[in-house]
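Student: Before we use any labels for this model, could you take me through what each one requires and how the values meet it?
Tutor: Let us go through them in turn, beginning with a definition.

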Amino acid sequence: MENKTIIGILAIIFGILIMVFPFISQEVLSAMAGIGILILGIYFLIAGPSVWSLSKAASILYIIIGILGLLAGIMLIGNVLLFGALVSLYLYITGVMLLFGGLIGLLARSDMMTKAAAVLMMILGIITIVLGYFALLSPIYVAIILGISLVIDGISMVIGDFS
């Protein structure tokens, strides 16, 4: 079995688990995200003084980013509502970027295939904004959105490996 097939099968399994156990998965995902940001904050705090001799401004920025990372990581660990709000914000920003990218592509291109791709990009942008709204409504929607996307990605990896 190829690595992509194994990763695809794992993505499908994790996607189903996340959808079946949305509350537990939200706790785990927010803890994992919080720990990841916490570790990144510690890295920046350690890296800050080490670049002092190269650039004092960079050193100070590293330390500030490290402190912010520590605070954000601590706040995010186990905080499902904050995790849902951050996922929602990410989806809103991505959706708006897709929508404007599609609009620009629609106005700037002349051939039909490129215009069709631009319209598709706009549709995906609108769908992503709607998903961001649902993610803001309830953390359970975040689990459902993430679970569905993992299952779809997993299926595409498994099918792509066999074709």
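Tutor: Buried means under 20% relative accessible area, exposed means over 50%, and partly exposed lies in between, with a 1.4 Å probe and protein chains only. This is a predicted model, in which local features need pLDDT of at least 70 and side-chain atom pairs count only at pLDDT 80 or more, while totals for chains, interfaces and linings use all residues. Residues are numbered from 1 along each chain as its sequence is written, and side-chain values use heavy atoms, with hydrogens and water left out.

Student: Why is Tyr141 called partly exposed?
Tutor: Its relative accessible area is 35%, which lies between the limits of 20% and 50%, so the label is partly exposed. Phe134, with 33%, is partly exposed as well.

Student: What makes the rings of Phe134 and Tyr141 a tilted pair?
Tutor: A pair of aromatic rings is described by the distance of the centres and the angle of the planes. Rings of Phe, Tyr and Trp (its six-membered ring) pair if their centres lie within 6.5 Å, and planes under 30 degrees apart count as stacked, over 60 as edge-to-face and the rest as tilted. The structure holds four aromatic pairs. In the pair of Phe134 and Tyr141 the centres are 5.3 Å apart and the planes stand at 55°, so this pair is tilted.

Student: Why, then, is the pair of Tyr43 and Phe44 called edge-to-face?
Tutor: Their ring centres are 5.5 Å apart and their planes stand at 65°, so the pair is edge-to-face. Tyr43 and Phe44 also belong, with Tyr62, to one aromatic cluster.

Student: How do you know that the span of helix H3 agrees with its number of residues?
Tutor: Helices are DSSP runs (H or I, at least four residues), numbered from the N terminus, and the expected span is 1.5 Å times one less than the number of residues. For the 21 residues of H3 (residues 56-76) this gives 30 Å, and the end C-alpha atoms are 30 Å apart, which agrees.

Student: What makes the buried residues of H3 line one face?
Tutor: The buried residues are Ser59, Gly66, Gly69, Gly73 and Leu76. Seen down the axis they fall within an arc of 120°, so they line one face of the helix; the arc is that of the directions from the helix axis to the C-beta atoms. The face turned away from this buried side carries the exposed residues Leu68, Ile74 and Met75.

Technical notes. Helices (H or I, at least four residues) and strands (E, at least two) are DSSP runs, numbered from the N terminus.
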